[in-house]
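Me: I'd like to learn how to read pockets and helix packing in a model. Can you walk me through one?

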Amino acid sequence: DFRVFPRRVIEDNAMACFMINDEQLLEKTLQFFDGKVDYIYIDVELKQKINLFEIAQQTVQKSKLIAAKPNDNTLESVDLLIRNQYNDNLLGKKILVIGTGNLAGKIAIRLAERQANVYVKGRSLLKQKEFVNAVNLLLPKFANPIKSFETVLKENTLDIIVSAISATFEEEDILYPVINSKTFIIDVGINNFSNNFIQR
């Protein structure tokens, strides 16, 4: 219901970050910080049962309330990181996106638009198939279609893995045959990979 994320410092600004899934804890947290901080950024995307922004509008009286889209910030960060790693050339790179949610979808589309070969691994085959079909509808007409993970098994080693799930990835063993020491792995979720997988 309540998780504290690492604090961030950007130039002269410090930011405390929280994930809150309980309405009463959200109200208490907002009341505590209201007026003590200049700005309160609230995720405006509806990712959970409670409407964070609506509650914040009703609660915050003194600080400036700003609607934020953290998934879009993460998308831009992942895009810049990968472009920097590969000198802005993703043409033909094989990229696996783990996840079928909002963030995974945005990342998969962005990388496919950059002419990478994008594959998706979902929690279930049904969800994965529905996701692949849906995101392919959003791609430009001549873009490489996004494919299901199973097709990558026939196409050798992945260049990049981006994991965007909200839990530990339970199927790490299926990744070993398609990665090597050069595979660039990015975890944009919350502790998606186990220590054992990282060490191995």
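Reply: Sure. Keep in mind that this is a predicted model. Let's begin with a pocket: by class, the lining of the second largest pocket has six nonpolar, three polar and two charged residues.

Me: How does one find a pocket to begin with, and what is the volume of the second largest pocket here?

Reply: Rolling a probe the size of a water molecule over the atoms shows where empty space is left. In this case, the second largest pocket comes out at about 210 Å³.

Me: Which residues line the second largest pocket?

Reply: Tyr 176, Ile 179, Asn 180, Ser 181, Thr 183, Ile 185, Asp 187, Phe 193, Phe 197, Ile 198 and Arg 200 line it. Strand S9 (184-187) and helix H6 (195-199) are the elements that each give two or more residues to that lining.

Me: Okay, on to helices. How do I describe a packed pair?

Reply: Two packed helices are described by the angle between their axes and the distance between the axes. Take helix H1 (residues 23-33) and helix H2 (residues 52-59): their axes are 10 Å apart, and the angle is about 45 degrees. H1 and H2 are therefore oblique to each other. The crossing of H1 past H2 is right-handed.

Me: Which side chains should I click on for H1 and H2?

Reply: On H1, pick Glu 23, Leu 26, Glu 27, Leu 30 and Gln 31; on H2, pick Leu 52, Ile 55, Ala 56 and Thr 59. By class, this H1 and H2 contact has five nonpolar, two polar and two charged residues.

Me: At what angle do H4 and H5 cross?

Reply: Helix H4 (residues 102-113) and helix H5 (residues 125-138) cross at roughly 50 degrees, and their axes come within 10 Å. That makes H4 oblique to H5. Their crossing is right-handed. Ala 104, Gly 105 and Ile 109 of H4 meet Phe 131, Val 135 and Leu 138 of H5. The contact of H4 with H5 has five nonpolar residues, one polar and no charged.

Me: What about H3 and H4: how are they packed?

Reply: Helix H3 (residues 70-85) packs with H4 at an angle of about 35 degrees, the axes being 10 Å apart. H3 passes H4 in a right-handed crossing. From H3, the contact uses Asn 71, Asp 72, Thr 74, Leu 75, Glu 76, Val 78, Asp 79 and Ile 82. From H4, it uses Asn 102, Leu 103, Lys 106, Ile 107, Arg 110 and Leu 111.

Me: How many charged residues are in the contact of H3 with H4?

Reply: Five are charged, alongside six nonpolar and three polar.

Notes
Residues numbered from 1 in each chain as written. Predicted model: local features only at pLDDT ≥ 70, side-chain atom pairs only at ≥ 80, totals over all residues. Heavy atoms only, no water. 1 Å grid on protein atoms, 1.4 Å probe; cavity = no way out; pocket = protein on both sides within 12 Å on 5 of 7 lines; lining within 4 Å. Points joined across faces, edges and corners; volume = space filled by probe spheres on them. Helix = DSSP H or I, 4+ residues; strand = E, 2+ residues; numbered from the N terminus. Nonpolar A, V, L, I, M, F, W, Y, C, P; charged D, E, K, R; others polar. Axes fitted to C-alpha atoms, helices over the stretch in contact; angles between N-to-C directions. Parallel < 35°, antiparallel > 145°, perpendicular 65-115°, else oblique. Left-handed = near helix turned anticlockwise from the far one by under 90°. Contact = heavy atoms within 4.5 Å.
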